[in-house]
Amino acid sequence: MEEYLQLFKNETDFYNQIVLESVLPENIWGSLTHVCRTWLRNYVGGIFIYSIIGFLWCFYIYYLKRDVYIRGDVIPSMKTMVLHIRDSMKCLPWLATLPTFSEYAVENGWTKCFPRISDVGWFAYFLYTIVYIVFVELVTYWIHRKLHDIKPLYKYLHAQHHNYNKQHKISPLAGIALHPLDGLAQGAPHTMALFLVPTHFTTHLTFVFLGAIWTANIHDCIDEKLWPLMGGGYHIIHHLSNRHNYGLYTIWMDWMFGTLSHPVSRATKLN
């Protein structure tokens, strides 16, 4: 069993070394415990993903493709985007604790994770991955919805993110401009799934990585439908209405539970 769990630790050690060696001298991180290294890697990696994806996407849609995807008069101001960055940087250290805890739990054998696809076979792997995605979608939907429905949760947690409730106040940099507890709540389903669904560890980390990119994508306010994906056209309706489109990656949960509203034009008219 120890040798089996060591496979997980070897993988996280590999990621820690790649990221931390790239940005910090070894005398800074080399003496840290494994858990501290993992948190630092998740934090530093989060900053890189947020900065690179956010800034490149903003540059592309606001400047290179100005008036193609977003009209010039609804492009967020520099001041607004600085506020997005400020709130995101406050939240990011807390968000880094979720994957750190997940990896710690996996390395200690508390979860149903497996390190190699050959441990279960390809058919079971695809089946488990589908169940993982459905679980994350379902639980994220209901957590997000209850953050709106329960007034104290909305007032003290989720309202911070919905301060940005107009098209000219939302940008790809606003994806994690959240109250830290709000961010932890909405990120928790990825961690919860590991305790309930047999999950390939690297696949889980891939979904966490893609989720970080996806938060930028759904805040770009681009109206085009990307069925069945919950693209920016759907999510801007959520920010404008506060009662539609709570989903994460897809629109399926909103369709199932009656909260789906489709983008109907490039001006994003509400249903």
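At 26% relative accessibility, Tyr 4 counts as partly exposed in this predicted model. Tyr 4 is placed in helix α1, which spans residues 2-23, and its surroundings are drawn in part from a distant stretch of the chain: the C-alpha atoms of Tyr 4 and Pro 115, although 111 residues apart along the chain, are separated by 8.1 Å. When residues up to four places away in sequence are not counted, Tyr 4 touches Cys 113, Phe 114, Pro 115, Arg 116 and Asp 119. With Asp 119 there is also a polar contact, made between the two side chains at 3.2 Å.

A second long-range association involves Thr 259, which is located in the segment after α11 and which, at 6% relative accessibility, counts as buried. The C-alpha atoms of Thr 259 and Arg 145 are separated by 9.6 Å, the two residues being 114 residues apart along the chain. Leaving aside neighbours within four places in sequence, Thr 259 is in contact with Tyr 141, Arg 145, Arg 243, His 244, Asn 245, Tyr 246 and Asp 254. The contact with Tyr 141 includes a polar one, in which the side chains of Thr 259 and Tyr 141 approach to 2.8 Å.

Turning to the nonpolar interior, the largest nonpolar core comprises 20 residues, of which Tyr 62 and Ile 70 touch the most other members. Helices α3 (34-64) and α4 (78-95) each supply at least two residues of this core. Beyond its neighbours within four places in sequence, Tyr 62 is in contact with Ile 70, Ile 75, Pro 76 and Met 81, and also with Ile 170, Ser 171 and Pro 172. A second core, separate from this one, contains 18 residues, among them Val 106, Phe 201, Leu 205 and Ile 218.

Backbone geometry was also examined at two loop positions. Cys 221, although not a glycine, has a positive phi of about 65°, and this residue is found in the loop between α9 (201-217) and α10 (232-241). A positive phi of about 65° is likewise computed for Asn 242, again not a glycine, in the loop between α10 and α11 (252-257). As to solvent accessibility, Cys 221 has a relative accessible area of 3% and is therefore buried, the cut-off being under 20%. Asn 242, by contrast, counts as partly exposed because its relative accessibility of 27% falls between the limits of 20% and 50%.

How values were computed
Residues are numbered from 1 along each chain as its sequence is written. This is a predicted model: local features need pLDDT of at least 70, side-chain atom pairs count only at pLDDT 80 or more; totals for chains, interfaces and linings use all residues. Side-chain values use heavy atoms; hydrogens and water are left out. A nonpolar core is a set of buried Ala, Val, Leu, Ile, Met, Phe, Trp, Tyr and Cys residues joined through side-chain atoms within 4.5 Å. Buried means under 20% relative accessible area, exposed over 50%, partly exposed in between (1.4 Å probe, protein chains only). Helices (H or I, at least four residues) and strands (E, at least two) are DSSP runs, numbered from the N terminus. Contact means heavy atoms within 4.5 Å. A polar contact is a pair of N or O atoms within 3.5 Å; within protein, one must be able to donate a hydrogen and the other to accept it, and residues adjacent in sequence count only if both atoms are side-chain atoms.
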